[in-house]
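Biologist: I should be grateful for a close look at a single helix and at its surroundings. Please explain it in terms suited to a first-year student.

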Amino acid sequence: MIIWQSVRIALQSIGANKLRSGLTMLGIIIGVMSVIAMLSIGRGMQNTVTAQISSIGTNLLFIRPGGTQQGGVRQQESAATLTLSDAEALASVPNVTSVAPEVDGFGQVAYLANNAVGRVIGVTPAYQDAMNANLASGDWVTAANVTTRAAVVILGSQIATNLFDAADPIGQTVRINGQNFRVIGVMAAKGGSGFNNTDTQIYVPITTAASRLTGNNRFRGGDVVNTINVRITDTSVQDSVVQDIGDVLRERHHITLQQDDFTIQSQQDILNTLNSITDGFTIFLGGLAGISLIVGGIGIMNIMLVSVTERTREIGIRKAIGARKRDILIQFLTEAMVLSLVGGLIGLAFGAMIARVISGINIGTTTLQTVVDVDAVMLAILFSLGVGLFFGIYPANRAASLHPIDALRYE
Amino acid sequence: MSAVIEIKDIKKIYKMGDVEVPALDGVSLAINKGEMVAIIGPSGSGKSTLMNIIGCLDTPTSGTYILDGLDVSKMSDDEQAVVRNKKIGFVFQQFNLLPRTRAVDQVELPLVYSGASDRKQKALTALQSVGLGERTHHRPTELSGGQQQRVAIARALVTNPSILLADEPTGNLDSKAGREVIAIFQRLNKESGITIILVTHEPAIAAHTQRVISIRDGRIYANERVAKPKDATHELTVYDTNGGGH
């Protein structure tokens, strides 16, 4: 009935005492501001991670040695169960576009006086397509390189910059773990973070990696690889391809379903896991910030209580001229909610500003991105209204329960 | 003439711990429609308690109170609020206007609570009838005491109540403003026939009414017609040589 009137009266009352209203809202403002800023960081992080992972493409499977569990007994991760021949055999599985086995290690790369440490990935020609490895300049590993165990290397963009600055690395000789390699290519910069960051990796022919860096001079069919990357045509066929790959490998390894000595993981699975991690992180951050929102609500309750006491006379007058208990209740509840809503909107504006300021700041190798999305905004607004409602009820009820005669007598 | 107020054997007893304090000890009276009545008594006589009961701000411990045909003595808080809103107009000694609120908004407030339409127009009409047509948008700090009380009277009238209940309405006013207020009451009583009850401790004020009810120690001990009620409007022209109004 008099909701609109109540809003007007509430706004009047808030405007009449700007300092007090401002101080009351401060808690909500800070609370909402933090929530929005935190959520935007979390969401930005999620978007960055998703984008990074998606840039390789989600139609990707990773096969690693070691089964997850076998017959109740946890299988020890034995590194010697995936071989180069396994990789070759998988190329004929339907809906598989390319198969790229890899051998991994760590290496120290040096050029003149400069030094860098990075993952060394031993690759085949197929790796470039399978993993969307984009070159900024130069060439990829060729079949000939693999056959001859050539000492050639493609540098990740960060490594190249660390060693060569602005100079062109192509054709130069670097030392990897003390051995000479000729630079034949430089990767395009990808940015981002995490150990999958191609910028800090170097790529050599798979046979070279095995012989020079892990000491296996006769790397061939029966020799072990760390990972087999499989690019499939589409995520829709993922399940059938996983099935088929499993069949092929089990047959080759002479094992049954229960005895899997390999694990197939999809890019999609990784994406989902990471998303749920960042979701959790975001909720956690948001929750922390939410605590300050609760404090803000307590502030509102305090001020409303003071306001009710100060306006005891006024409440008595209103009741004398015909306000019922619910009229007074609605009036004060509306005031509390308007206060918190206005505070929430101001906090929203500040939070968005903070998000804008944070965006683009670099921490280490990561660039912080922030995204203020509709969900966060709605959450903030609803939460502020909720806080106003919840913390306003007690004072509003006190006001509504005042006896008119006592209230009128109040000095 | 019909009775607009019928009070039969009203008792109001307050409990202070173990002790029972009878503020009203069996009060009976009747007030007819269109009368202008004074209730007079010293402080502690129970006149405030009686006024609170007449004004439906309080319920009696026992006895009946029939207002305009309605038994209001046993009503709930909400029901009493409605009665206060629609049937009773209050005028207080301390004006009791809402701070920082414009006159027209003050006067329309009872109509807001009753959900009436056309509130602004009714409020303006009420303000005009008390001579404040020029000051409808003034706030209390911009009005003199007499003007504030007139706003309060306009507010009391706006719902067309059955009775106007005034508690020491001139207590905070100088003598001229006080006479103006009494003059307004007398005019309203004569022109629109509204029943007016003035609660006071001053015989000089009571002398302007048609009947004086005297109360002491929680009991009515006199209920007399006034032979020749004084005319406040006349007094204003005689006693105030300043001429020109506020």
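Modeller: What follows is an account of one helix, beginning with the chain that holds it. The model is predicted, and every statement below should be read with that in mind.

The helix in question is α2 of chain B, which spans residues 77-87. Chain B as a whole has eight helices and ten strands. Its C-alpha atoms fill a box of roughly 55 × 40 × 40 Å along the principal axes. For 246 residues, a compact globule would have a radius of gyration near 18 Å, and because chain B has 18 Å, the two agree. Of the 246 residues in chain B, 45% are buried. When contacts between residues at least 6 apart in sequence are considered, 69% of those in chain B join residues at least 24 apart.

Within helix α2 of chain B, the buried residues are B:Q80, B:A81, B:V83, B:R84, B:N85 and B:K87. A general rule helps in reading such a list. An α-helix has 3.6 residues a turn, so residues three or four places apart point the same way.

What covers these buried residues? The cover includes parts of both chains. From chain B come strand β4 (62-67), strand β6 (88-91), helix α3 (103-114) and strand β7 (163-167), and from chain A comes helix α10.

The presence of a chain A helix in that list leads to the contact between the chains. Chain B gives 20 residues to this contact, and chain A gives 17 residues. On the side of chain B that touches chain A, the elements giving two or more residues are α2 and α3 of chain B. Helix α2 of chain B supplies the largest share of that side, namely six residues. By type, the residues on this side of chain B divide into nine nonpolar, five polar and six charged.

The confidence of the prediction in the partner chain also deserves attention. Chain A has a mean pLDDT of 83, and 91% of its residues reach 70 or more. Among the elements of chain A, helix α10 (residues 312-320) has the highest mean pLDDT, 93, whereas strand β12 (residues 366-367) has the lowest, 65. Over residues 70-79 of chain A the pLDDT is below 50, and this stretch has 13 contacts in the model beyond near neighbours in sequence.

In summary, helix α2 of chain B has buried residues covered by elements including α10 of chain A, and α2 also gives the largest share of the side of chain B that touches chain A.

How values were computed
Residues numbered from 1 in each chain as written. Chains lettered and ligands numbered in written order. Predicted model: local features only at pLDDT ≥ 70, side-chain atom pairs only at ≥ 80, totals over all residues. Helix = DSSP H or I, 4+ residues; strand = E, 2+ residues; numbered from the N terminus. Rg over C-alpha atoms; globule rule 2.2 N^0.38 Å. Buried ≥ 20, exposed ≤ 12 C-beta atoms within 10 Å, placed from the backbone. Contact = placed C-beta atoms within 7 Å. pLDDT = per-residue confidence, 0-100. Nonpolar A, V, L, I, M, F, W, Y, C, P; charged D, E, K, R; others polar.
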